Amino acid sequence: MYGVDVARLQVKIAEGALYPTVILQGSAQRAHDVNGLIPEERSSASVLIGVTMPLYQGGRPGAQVR
């Protein structure tokens, strides 16, 4: 029984190589400047989203799933 479960898990792992990968990265900054007569406050934020998708892998992931 455990061998069947392990084999199913290995198939799921091999199928994962066929799916796209999404990367989300974010950052935020806040700065205070009190050196001048009027205090300044600056804020900034950025978000980066990346998607990679395998186009051609030579058939290896499909063979591993089979």
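The following questions and answers walk through strands, a surface patch and salt bridges in a predicted model.

Visitor: How many bridges join S1 to S2?

Guide: Strand S1 covers residues 21-33 and strand S2 covers residues 40-52, and a hairpin through six residues joins S1 to S2. The two strands run antiparallel, and the number of bridges that join them is 13.

Visitor: In S2, which residue is the bridge partner of Leu 24?

Guide: Leu 24 is one of the residues that make a nonpolar surface patch of about 560 Å², a patch to which S1 and S2 each supply at least two residues. Val 47 and Val 51 also belong to this patch, but the residue in S2 that is paired with Leu 24 by a bridge is Ile 49.

Visitor: Which strand gives the largest share of the nonpolar patch?

Guide: The patch is made by Val 22, Leu 24, Val 47, Ile 49 and Val 51, and both S1 and S2 supply at least two of its residues. One of the contributors, Val 51, lies in strand S2. With three residues, the largest share comes from S2.

Visitor: Is Val 51 buried or exposed?

Guide: Val 51 lies in strand S2 and is one of the residues that make the nonpolar patch. The class of exposed residues begins over 50% relative accessible area. Because Val 51 has a relative accessible area of 57%, this residue is exposed.

Visitor: What is the count of buried residues in S1?

Guide: A residue is called buried when its relative accessible area is under 20%. Arg 30, which lies in strand S1, does not meet that condition, because at 58% relative accessibility Arg 30 counts as exposed. S1 as a whole is hardly covered, and among its 13 residues the count of buried ones is zero.

Visitor: How many residues apart in sequence are the parts that the pair of Arg 30 and Glu 41 ties together?

Guide: The side chains of Arg 30 and Glu 41 meet in a salt bridge, with 2.8 Å from N to O. Arg 30 lies in strand S1 and Glu 41 in strand S2, so the pair ties together parts whose separation in sequence is 11 residues.

Visitor: Which residue forms a salt bridge with Glu 15, and is that partner buried or exposed?

Guide: Glu 15, itself partly exposed with a relative accessible area of 22%, forms a salt bridge with Lys 12, where the closest N and O atoms are 3.9 Å apart. Both residues lie in helix H1, three residues apart, which is about one turn of the helix. Because its relative accessible area is 58%, the partner, Lys 12, is exposed.

Visitor: How far apart are the closest N and O atoms in the salt bridge of Glu 40 with Arg 42?

Guide: A search of the whole structure finds three salt bridges, and Glu 40 forms one with Arg 42. Glu 40 is partly exposed, with a relative accessible area of 42%, and Arg 42 also counts as partly exposed, at 49% relative accessibility. The closest N and O atoms of this pair are separated by 3.8 Å.

Visitor: What distance separates the C-alpha atoms of Leu 55 and Pro 20?

Guide: Leu 55 sits in the loop between S2 and helix H2, and at 82% relative accessibility this residue counts as exposed. Leu 55 and Pro 20 are 35 residues apart along the chain, and the distance between their C-alpha atoms is 9.6 Å.

Key
Residues numbered from 1 in each chain as written. Predicted model: local features only at pLDDT ≥ 70, side-chain atom pairs only at ≥ 80, totals over all residues. Heavy atoms only, no water. Patch = residues over 30% accessible without salt bridge, like charges linked within 9 Å, V, L, I, M, F, W, Y side chains within 5 Å. Areas by Shrake-Rupley, 256 points an atom, 1.4 Å probe, with all protein chains shown as cover. Salt bridge = Lys/Arg side-chain N within 4 Å of Asp/Glu carboxyl O. Helix = DSSP H or I, 4+ residues; strand = E, 2+ residues; numbered from the N terminus. Buried < 20%, exposed > 50% of the residue type's maximum accessible area, 1.4 Å probe, protein only. Pairing = 2+ DSSP bridges.
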